[in-house]
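Colleague: Please give me a close look at the space enclosed within this model, and begin with the smaller details before you widen the view. I would like the residues named wherever possible, and the packing of the helices described afterwards.

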Amino acid sequence: MNIGIIDIGSNTIRLNVYESNKHSFHLLFSKKENVGLISYINKNNLTLEGINKLKQCLLRLKKTLDTLGIHIIDAFATASLRNLDNKDEVLAIISNTVKINIVLLSGTPEGNLSFKGAMHQIERPEGLYIDSGGASTEFVFYKHYNNLATYSLNIGSLNLFNKYVKKVIPTKEETIQIQKRVQCELESVPTPKEISEFQNLAVTGGNMRAVRSLLVHFDWINRDEYIFSADKINKLLQTLSNNRTDTLHLFLKIKPERVHTMFCGLLILEGIISKYSIKTIQICTNGVREGYLIQKYIGD
């Protein structure tokens, strides 16, 4: 059977269509729209304009699915909607107008599902896995591929940008502010005693994949390389910090839709590497969408 999974994020809304049976799945195609719902939040409420943006996007995605004859549709939202004061109103409007029921995932279930989706890609049996999005970053500490603990932090590339950055690329002073905020948030994450050291980091999320594209651009890794030394991240930050105008042009060339969030995503990654003395990083292409699919339609 073919299944449409819609992931409603703070920055992007993505539709993945999978061919699935009881034992496995295969991604048929993916479609993404940059809606930026977080920009339509006022006093912790999604504005009418934001609700309409969400509704129109979902109507377009549903039309695509209807055209393809795909009638199994699941939609979920993470930090984009879960903390809103008017989330019940938003869900009711979407249900009544688009005929799609949105499941709200809280931080811990989001992290658990993301790890479940990426687990079969992760090559190192012990370490730290993160899913870094626009409004939150989920942490999973794991050993022997078993989830030991999951935490969710309210820092993401988009909400850091909105709070600290006045233009597009952070200034030196803004960068320091973001680094301090990331460091402060990381201090709140307890370290499981079962893991003595954290050499391996597996990451997913649009900005994390964008970081890999930057490394490929500089010829620091190969196009088919998804595991690399963590020291390349510090080297990348130093290079990007030399000239903000050049960095802006580079971002527009590599990932124009993420021009305002890539640097903040990179600072989150840098903070994690520094705190846990990470040696090796793996970029995962799977995450919460695949985890949601596995849990609901395939099972363990």
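## Cavities, a pocket and packed helices

Modeller: In the second largest cavity, the lining divides into six nonpolar residues, three polar ones and one charged one; the model is a predicted one, and my remarks should be read with that in mind. The space in this second largest cavity comes to about 40 Å³. Its lining is made up of Ile122, Arg124, Tyr142, Asn200, Leu201, Ala202, Ile227, Thr280, Ile281 and Gln282, and the elements that contribute two or more residues to that lining are strand S11 (200-204) and strand S13 (280-283).

That cavity is one of two of 30 Å³ or more that a search of the whole structure finds. The largest cavity holds about 410 Å³ of space, and it is lined by 30 residues, of which Asp7, Asp131, Gly133, Gly206 and Arg289 are the closest to its centre. Four elements, namely strand S2 (12-20), strand S8 (126-132), helix H6 (206-217) and helix H10 (288-298), each supply at least two residues of this lining. By class, the lining of the largest cavity has three nonpolar, 18 polar and nine charged residues, to be set beside the six nonpolar, three polar and one charged of the second largest cavity.

As for space that is open, the largest pocket contains about 230 Å³. The residues along it are Ser10, Ile38, Ile41, Asn44, Ala79, Ser80, Asn83, Leu84, Ala135, Asn154, Asn159 and Asn162, and by class this lining has five nonpolar, seven polar and no charged residues.

Strand S8, already mentioned for its part in the lining of the largest cavity, also takes part in an aromatic pair. Eight aromatic pairs are counted in the model, and in one of them the ring centres of Phe115 and Tyr129 lie 5.8 Å apart with the planes at 65 degrees, so this pair is edge-to-face, the cut-off for that class being over 60 degrees. The two residues are 14 residues apart, and the pair links distant parts of the chain, with Phe115 in helix H3 (residues 107-118) and Tyr129 in strand S8.

Turning to the helices, helix H1 (residues 48-67) packs against helix H2 (residues 87-97) at an angle of about 35 degrees, with their axes 10 Å apart, and the crossing of H1 with H2 is right-handed. On the H1 side Ile51, Leu54, Lys55, Leu58 and Leu59 take part, meeting Glu89, Val90, Ile93, Ile94 and Thr97 of H2; by class, that contact has seven nonpolar, one polar and two charged residues. Leu91 also lies in helix H2, and, leaving aside its neighbours within four places in sequence, Leu91 is in contact with Ile102 and Leu104. The C-alpha atoms of Leu91 and Asn101, which are 10 residues apart along the chain, are separated by 7.2 Å.

A second helix pair is formed by helix H7 (residues 231-241) and helix H9 (residues 262-276), whose axes come within 10 Å and cross at roughly 140 degrees; here the crossing of H7 with H9 is left-handed. From H7, the residues Ile233, Asn234, Leu236, Leu237, Leu240 and Ser241 meet Phe263, Leu266, Leu267, Leu269, Glu270 and Ile273 of H9, and by class this contact has nine nonpolar, two polar and one charged residues.

Definitions and conventions:
Residues numbered from 1 in each chain as written. Predicted model: local features only at pLDDT ≥ 70, side-chain atom pairs only at ≥ 80, totals over all residues. Heavy atoms only, no water. 1 Å grid on protein atoms, 1.4 Å probe; cavity = no way out; pocket = protein on both sides within 12 Å on 5 of 7 lines; lining within 4 Å. Points joined across faces, edges and corners; volume = space filled by probe spheres on them. Nonpolar A, V, L, I, M, F, W, Y, C, P; charged D, E, K, R; others polar. Axes fitted to C-alpha atoms, helices over the stretch in contact; angles between N-to-C directions. Left-handed = near helix turned anticlockwise from the far one by under 90°. Contact = heavy atoms within 4.5 Å. Phe/Tyr/Trp six-rings, centres within 6.5 Å; stacked < 30°, edge-to-face > 60°.
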